[in-house]
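Biologist: I'd like to go through this one by asking how each label is earned. Can you give me the value, the criterion and the conclusion each time?

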Amino acid sequence: MKKVFMPLIMVALLALIPYVAVTYANMSYLFGVIIPYAAAFIFIAGFLWRLFDWLRRPVPFPIVTTCGQEKSLDWVKQNHLESPSTRFGAAVRVLTEVLFFRSLFRNTKAELHTGPELVYASSKWLWMGGLAFHWSLLIIGLRHARFFFIEPPAFITAIEHADSFLELTLPAFFMTDAIVLVALTFLVARRIRDAKLRIISLQTDFFPLFLIGGIVLAGMGMRYLEKVDILSIKALMMGLVSFSFDAPGEIGALFFVHLFLVSMLAIYFPFSKLMHMGAIFLSPTRNLPNNSREKLHKNPWNKPGKFRTYAEYEEEFREKMKKAGLPVEKD
Amino acid sequence: MSKYAPRKAQLAREFLEKPTPLKGAQADREWWEMPVDFHDGNWCFPGKPETLKEIGFPNPRKWAATDEDWQLPDGWQKIIHDGLKERLKKFRSLKLYLDACVRCGACADKCHFFLGSGDPKNMPVIRAELLRSVYRNDFPMVEKILKGFSGSRKLTAEVIKEWHSYFYQCTECRRCSVFCPLGIDTAEITMVARELLNLIGVNNNWILAPVANCNRTGNHLGIEPHTFVQNIMSLVDDIEELTGITVNPTFNRKGAEILFITPSGDVFGDPGVYTMMGYLLLFHHIGLDYTISTYASEGGNFGLFTTNDMMKKLNAKMYHEAERLKVKWILGGECGHMWRVVHQYMATMNGPADFLEEPVSPITGTKFTNAAATKMVHIAEFTADLIKHGKLKLDPTRNNHLRTTFHDSCNVSRGMGMLEEPRFVLNAVCNSFNEMPENTIREKTFCCGSGSGINAEEFMEMRMRGGFPRANAVRTVKKQHQVNALVTICAIDRATLPPLMRYWNPGVAVYGLHELVGNALVMEGETPRTEDLRENPMAIADEGEDDDA
């Protein structure tokens, strides 16, 4: 269980650092301005570097994983989504992966029964959990836009309204806060409970889950429990996005925990598996059209190679070929 | 049964009793602490020194996987390290798939080798981690600092043994990549790992011997031209005996319209030869102007299981011969990995084939626009088009003695997307076709368990394990519909499924699609047919009893 506790302790320590530093050493400038700027820079530069680092490597062969009928004879119905033959089709395929986790939707669970007999049951839990987690994070991220604008754009306000329509608490409770916590719990629990997942998982799989969990809890704490000064936060945030280096005002320490953990996530992001966010768009088994017999795919490093030619072959077997009545080039 | 496989009852008991992660056990062990085990039945014999010399591969020597010392060459760590670095530059897929995996576990129970062995290292995610852990130790800078955190480890001789074991317990079937939310393709990892292992002389004779043969004689079995012709002519005699029809295949004939290339297994292997007889009958039936080459006499390409360069080198013969014979286009027989190469690699590696024409069926006039660049058409597409246009005289009752199911070959379904054509043909030539359960067919099909060059006798235990999910699905339809014929469009399947069926499902025989076409074809001037191409009696008398297709 070391691989579960180590990352948990790391996140706890990370959360403690800004709390102590801001509360007892008044280091709010470091945690409110310098670290967020550094983190944003590392995140953006790192992310772009990783994308560039992938993109500069060629895709020598069209290795599409076809998950449906190819385009062939006119009367055979093609599966345009799972075996697209155009670039547009492939783009749609990738988007269904990004937006709806289409491949995960296929997931099954295999069980070995007496016989021995293998039985496959549909298993949509990971798909549901994953989708709930990622979509909640997206909505929560978008909601935060209100800290960066004097007057938030209309669609942000609309998202906020939709997210809080239950009006359970004051301030209004956001459903996504609950959903993301449930999804996070599920994602951690399955890694611990399922034997296969426990073997597969590394510390680096638990760490971002705990880190995001810490961010969400700190954020929710500020909203629902330990109120912080929203106006000062907004002033700080608007300052940051307009490249001002003004010192933050009096904000509760919990805010700095939240902001520091977000900064840590941003720094960790480009160097970790979290880059799957960019990779999903580049996966050659999904983002290429299945038209490799119809259109020539170029491999930039392809060079004419040496092979055993017909002439060499005939040279070795000419007499035997003649005896067998096979035509030959040279007599 | 083979001395390299345990008895079925023993294996079946182990499936149920042995604690594995598939059954929720072993959860507290780390995979990198589990030792590699080599015993009879789970490793393939290494390439013979003379074979390696013939194809110019490094480190020829006598050795075995059970040896303590594998006699790796001096500086082997550097060879692997540099080899990986080079391939990371050449393949975005490799870099991306090493970097992006989130270990979500969707692939874990999708691999037939995991389902048949319960071995955690056969979960596709861990198979990739075997390489990824070494990559992380050497490449991305930050993870280098955080070793224990990101699960990286040093490259040791023990790791090489592990790679050799598990990258040959992967058939590059890509079932895992169907389920992966990021489309990570373990075959890409396995291919590179095998290339790296070949660089230091860690290899597999069942792959390298066919490679050497194919290079020299044109086919895997090393059959020289005169014997190749003789063999097909003996099939011609068999056809004449059975049907009274004399078919006239030609060889190396210049100016033929079509060059026909099929795996050599169809020419020499039982039951592949019956499929070959089906092709010959079909071509005669429609009066096709075609020729067969003794030089490009292999559709299969074991280079795919070796190195990229070798795949390209062996494949080059197809276009080279088509150009020399001045044919218009190429027709390809039933094969799995051959079609992965033809569909996804051939034109890119050895094209463009400007000397050929866009394929048009001379019988129906159908343009195969989907093969416009590669200029090679799959026989199932070709035959489906003939049947659709009513160009074949078929009597499906001649296959009434067969209650069939269809095995989608991994490469044809997931590396090409040809799912409907073979089903259309099969439905036209027989009256009893029964699908296996939906999670085991089409893009979710299970591998035969012995593809990608591990069809060796000495690997029988792993083959019977890896083939278990496929056999299990066949057993379902055998019970439900009394299926006795497993139809495939792959030469490796025709070689590997018969022993698998004998082991798990006695009573189910393996057929090629065009063997059934050959049975059903009503030839002009034929003698009354009472036996199928295997000389088994047809069930022509019980008409009308069997129409539940």
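Modeller: Sure. Start with the radius of gyration, which is taken over C-alpha atoms and set against a globule rule of 2.2 Å times the number of residues to the power 0.38. Bear in mind that this is a predicted model.

Biologist: What makes chain B agree with a compact globule?

Modeller: With 549 residues, the rule gives a radius near 24 Å, and chain B has 24 Å, so the two agree. Along the principal axes, the C-alpha atoms of chain B fill a box of roughly 75 × 50 × 40 Å. Buried residues account for 62% of the chain. Of the contacts in chain B between residues at least 6 apart in sequence, 78% join residues at least 24 apart.

Biologist: How is chain B divided into domains?

Modeller: The bounds come from an automatic or database domain assignment. That assignment gives domain 1 (8-203) and domain 2 (211-520) of chain B. Their C-alpha centres lie 30 Å apart.

Biologist: How many residues does each domain of chain B put into the contact between them?

Modeller: A contact needs C-beta atoms, placed from the backbone, within 7 Å. By that test, domain 1 of chain B gives 25 residues and domain 2 of chain B gives 31. On the domain 1 side, the elements giving two or more residues are helix 1 (8-17), helix 2 (49-55), helix 5 (112-117), helix 10 (175-179) and helix 11 (186-199) of chain B. Helix 5 of chain B gives the most, with five residues. By class, that side has nine nonpolar, nine polar and seven charged residues.

Biologist: On to sheets. What makes strands 2, 1, 3 and 4 of chain B one sheet, and which of them are edges?

Modeller: Two strands pair if DSSP finds at least two bridges between them. Take strand 1 (residues 258-261) and strand 3 (residues 329-332) of chain B: they have four bridges, in the parallel sense, so they clear that cut-off. One bridge puts B:Phe260 opposite B:Leu331 of strand 3. The open sheet has the order 2-1-3-4 in chain B, with parallel pairing. Strand 2 (290-292) and strand 4 (376-378) of chain B are the edges because each has a single partner strand, leaving one side without a neighbour in the sheet. From one strand to the next, the twist averages 30°.

Biologist: Which helices lie across that sheet?

Modeller: Among them is helix 16 (residues 308-325) of chain B, which lies across strands 1, 2 and 3 of chain B and runs at about 150° to strand 1. Another is helix 18 (residues 379-388) of chain B, which lies across strands 3 and 4 at about 70° to strand 4.

Biologist: And why are strands 5 and 7 of chain B called edge strands?

Modeller: Strand 5 (404-407) and strand 7 (509-512) of chain B each pair on one side only. They belong to an open sheet of three strands, ordered 5-6-7 in chain B, with parallel pairing. Neighbouring strands in this sheet are turned by 35° against each other on average, direction ignored. Strand 5 of chain B is joined to strand 6 (residues 485-488) of chain B by four bridges, and B:His407 has B:Thr488 as its bridge partner.

Biologist: How do you know that helix 24 of chain B is mostly covered?

Modeller: A residue is buried if 20 or more other C-beta atoms lie within 10 Å of its own. Eight of the eight residues in helix 24 (residues 513-520) of chain B are buried, including B:Glu515 and B:Asn519. They pack against helix 15 (272-286), helix 18, helix 20 (420-429), strand 6 and strand 7 of chain B.

Biologist: What makes helix 18 of chain B mostly covered?

Modeller: Eight of its ten residues are buried, among them B:Glu381, B:Phe382 and B:Asp385. The cover includes helix 15, strand 3, strand 4, helix 20 and helix 24 of chain B. After helix 18 of chain B comes B:Gly390, with a positive phi near 65°.

Biologist: Last one: how many residues from chains A and B make up their contact?

Modeller: Chain A gives 82 residues and chain B gives 102. Elements on the chain A side include helix 9 (203-225) and helix 13 (310-323) of chain A. By class, the chain A side has 40 nonpolar, 23 polar and 19 charged residues.

Definitions and conventions. Residues are numbered from 1 along each chain as its sequence is written. Chains are lettered from A and ligands numbered from 1 in the order in which they are written. This is a predicted model: local features need pLDDT of at least 70, side-chain atom pairs count only at pLDDT 80 or more; totals for chains, interfaces and linings use all residues. Two residues are in contact if their C-beta atoms, placed from the backbone, lie within 7 Å. Ala, Val, Leu, Ile, Met, Phe, Trp, Tyr, Cys and Pro count as nonpolar, Asp, Glu, Lys and Arg as charged, and the others, Gly among them, as polar. Axes are lines fitted to C-alpha atoms, for helices over the stretch in contact, and angles run from 0 to 180 degrees between N-to-C directions. A residue is buried if 20 or more other C-beta atoms lie within 10 Å of its own, exposed if 12 or fewer, and partly exposed in between; C-beta atoms are placed from the backbone.
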